[in-house]
Amino acid sequence: MYFCKMNLISVEELSKDYGERVLFENLSFGLSRGDKMALIANNGTGKSSLLKIITGKDVFSAGKVTFRKGIEVGYLSQNSDFDESLTIQQLVDSAQSRVSKIIAEYEKAVVNQTNDFSEKNQNTVEELTLLMDQYSAWDYDRRIKQILSKFKITDLSHKVAKLSGGQKKRLSLSLLLIDESDVLLLDEPTNHLDVEMIEWLEKYLSQQKITLLMVTHDRYFLENVCNHILELENGELYHHKGNYSYFLEKREERENNFSVEIEKAGKLMKKELEWVRRSPKARTTKSKSRLQSFEKIKEKANSGRKKSELKLEVKMSRVGGKILELKNIHKSYGDICILDGFTYTFKKGERIGILGGNGVGKSTLLNILTGKEKADSGKVNVGETIVYGYFSQGGIEIKEDKRVIEVLKDIADVIILANGSKISASQMLEHFMFTPDMQYTYVSKLSGGEKRRLYLLTVLMKNPNFLILDEPTNDMDLLTLTKLEEFLLEFKGCLIIVSHDRYFMDKLTDHIFVFKGGGVIDDFYGNYSDFREKKKEEEKELKSVKKEKYSPVKAEEKRKVSYKEKYEYEQLEKEIAILEKEKEELESSLLNPNLDVEIIIENSKILSDIVNIIDKKSSRWLELDELM
């Protein structure tokens with residue numbers, strides 16, 4: 001057992017099965033205050049089910065889950081479940097969080113104290129005042145708006161029903177963080193967040209007071225946030241007191257030790273096998289004992305865990321001298337400029353990452369490259385030998401009532417590997433960790449990660465030499481990601497990646513297209529971490545320039561601020577706050593995928609005007625602020 005008397009949550013001998021299919025058995029662990037624990041396991045092994053069981057949203061087959069008295073647990077699921085008839089504001093108001101309950105009780109107690117100033121009522125107010133202090137409830141409304149704005153949720157009058165899946169996930173995460181529960185259970189918290197949001201969340205969850213158990217494939221998150229990693233492999237649970245680097249070291253040690261033990265047992269078994277084959281006629285007690293010993297050695301020697309590994313040895317189509325040329329590409333939607341004379345010539349083996357916010361044109365560029373969309377002007381010259389492999393966010397429509405092997409056979413019965421040999425669709429699926437049993441499973445029974453893996457297979461089996469991967473890491477386990485990275489590092493063709501997974505981008509990209517909006521695309525040579533460092537330096541320099549520009553005047557030059565300037569200063573503060581709110585609301589509205597083109601054009605124009613006005617007013621405010 002892995003417990004401590006200070007555990008907030010204790011899991012004892014927990015098992016979960018669906019009839020013959022066993023997800024996990026006899027899992028035991030404890031979560032103490034301050035633990036930032038991650039669960040690492042392959043797709044389909046029950047990670048999400050475990051979180052649901054702990055929160056009481058699913059039942060277990062055997063075992064026990066115990067909570068320390070009085071603790072509150074917050075849970076973020078992969079799929080949000082809201083009353084879609086409400087607005088965001090109504091949803092926030094109706095959320096019966098611990099803090100909102102304390103505020104309601106405090107306000108009620110204050111009213112009671114006004115009517116009846118008894119010692120009992122006075123004590124109640126004092127107790128609730130302490131709780132208001134403890135949970136920072138005095139500025140609850142400000143915190144709500146602050147956290148919602150971090151996840152780009154600004155228009156609180158927006159109907160929940162009109163939010164996209166990603167917006168709902170961000171709303172769920174916002175409401176969870178606002179409540180500040182004792183323990184957070186998070187299922188893939190970085191999905192549907194852009195890099196800026198992920199980095200903010202990473203910093204937020206690193207706070208000492210936060211206790212959490214999460215499932216995530218974000219390795220920088222595992223490295224920078226976690227202090228304890230649980231690894232579930234082949235039904236066994238391994239505890240690693242450290243971050244992702246420590247986990248990798250300890251797992252490698254374990255695997256090496258295990259290999260040595262297996263090798264020793266194998267050599268001994270070979271000797272014993274020779275003796276057994278001589279079939280001694282006299283089965284003495286000593287002989288029988290040796291036979292029993294042989295069986296144990298045999299069992300150990302054969303216990304080498306044959307891991308299902310992702311082997312992407314797909315043959316790549318030949319690449320000619322000409323790859324792809326984009327010449328002076330222009331693309332706009334009304335007044336919104338997406339690409340403004342973009343020119344680029346792709347070279348053999350290039351690895352390009354794409355960064356940028358929503359609505360700045362990343363998908364448009366990918367669609368123009370692959371011919372799914374036409375540019376307004378300019379030329380797209382594609383080499384005759386180019387074969388695209390496009391892994392999009394939306395995926396492909398796979399019928400839920402089809403079996404896994406049928407999905408593949410609809411594309412091809414036989415696949416050519418890199419060495420020229422041919423394998424069947426069934427063998428190819430085994431390479432992708434789909435066991436013979438799983439191949440005849442209906443698509444509807446697959447986990448989200450397994451469906452994504454199947455989709456990836458349908459892309460790679462076409463022997464592409466120009467791969468485009470749009471958010472490929474979502475819902476994929478670490479084994480799949482590691483093996484995919486290994487393949488992509490060996491891939492000789494061109495590679496374009498759009499991803500919020502910083503680790504993935506760092507490992508695989510040589511340079512980055514940074515979409516800034518308004519048709520501006522910077523080509524930065526380096527990976528994501530290099531780009532972030534450069535951006536931080538630029539921000540630091542900008543602050544330094546502003547500080548120098550608006551530095552306080554010398555003492556002898558100081559003068560009294562006029563009443564008119566003081567009034568202007570106060571008014572500017574109010575005006576900038578109103579404009580910032582309008583800006584956030586417009587930015588939020590542009591994220592709506594169902595918005596009409598005319599409205600997008602109009603809102604973008606207004607947004608541009610507001611940004612210019614804010615800049616001018618902010619400059620004037622800084623001047624007056626120094627005088628003040």
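Trainee: Why is Glu325 called partly exposed?

Mentor: In this predicted model, Glu325 has a relative accessible area of 23%, and since buried means under 20% and exposed means over 50%, a value of 23% falls in between, so Glu325 is called partly exposed.

Trainee: What makes the contact of Glu325 with Lys327 a salt bridge?

Mentor: The closest N and O atoms of Glu325 and Lys327 are 4.0 Å apart, and the definition asks for a side-chain nitrogen of Lys or Arg within 4 Å of a carboxyl oxygen of Asp or Glu, so the pair is counted as a salt bridge. Lys327, with 42% relative accessibility, counts as partly exposed.

Trainee: How do you know that Glu180 and Arg143 tie together separate parts of the chain, and which of the two is buried?

Mentor: Glu180 lies in the loop between helix 6 (165–179) and strand 6 (183–187), whereas Arg143 lies in helix 5 (residues 140–150), so their salt bridge joins parts that are 37 residues apart in sequence. Arg143 has 8% relative accessibility, which is under the 20% limit, and therefore counts as buried, while Glu180, at 22%, counts as partly exposed.

Trainee: Why is the pair of Tyr388 and Phe466 called edge-to-face?

Mentor: The ring centres of Tyr388 and Phe466 are 5.3 Å apart and their planes stand at 65°; because pairing needs centres within 6.5 Å and edge-to-face needs planes over 60 degrees apart, both conditions are met and the pair is edge-to-face. This pair also links distant parts of the chain, with Tyr388 in strand 14 (residues 388–391) and Phe466 in strand 17 (residues 466–470), 78 residues apart.

Trainee: What makes Phe466 buried and Tyr388 partly exposed?

Mentor: Phe466 has 0% relative accessibility, which is under 20%, so Phe466 counts as buried, whereas Tyr388, at 22%, lies between 20% and 50% and therefore counts as partly exposed. Tyr388 and Phe466 are also among the members of one aromatic cluster, which includes Phe342, Tyr344, Phe346 and Phe513.

Trainee: How do you know that Asp530, which helps to form a negative surface patch, is partly exposed?

Mentor: Asp530 has a relative accessible area of 40%, which lies between 20% and 50%, so Asp530 is partly exposed; that value is also over the 30% that a patch residue needs. Asp530 is placed in helix 18 (residues 528–549), and the negative patch is formed by Asp530 together with Glu533, Glu537 and Glu541.

Technical notes: Residues are numbered from 1 along each chain as its sequence is written. This is a predicted model: local features need pLDDT of at least 70, side-chain atom pairs count only at pLDDT 80 or more; totals for chains, interfaces and linings use all residues. Side-chain values use heavy atoms; hydrogens and water are left out. Patches are made of residues with over 30% relative accessible area and no salt bridge: like charges are joined within 9 Å, nonpolar side chains (Val, Leu, Ile, Met, Phe, Trp, Tyr) within 5 Å. Accessible areas come from the Shrake-Rupley method with a 1.4 Å probe; for residues, only the protein chains shown count as cover. Lys and Arg count as positive and Asp and Glu as negative; His and the chain ends are not counted. The place of a charge is taken as NZ of Lys, CZ of Arg, CG of Asp or CD of Glu. Helices (H or I, at least four residues) and strands (E, at least two) are DSSP runs, numbered from the N terminus. Buried means under 20% relative accessible area, exposed over 50%, partly exposed in between (1.4 Å probe, protein chains only). Rings of Phe, Tyr and Trp (its six-membered ring) pair if their centres lie within 6.5 Å; planes under 30 degrees apart count as stacked, over 60 as edge-to-face and the rest as tilted.
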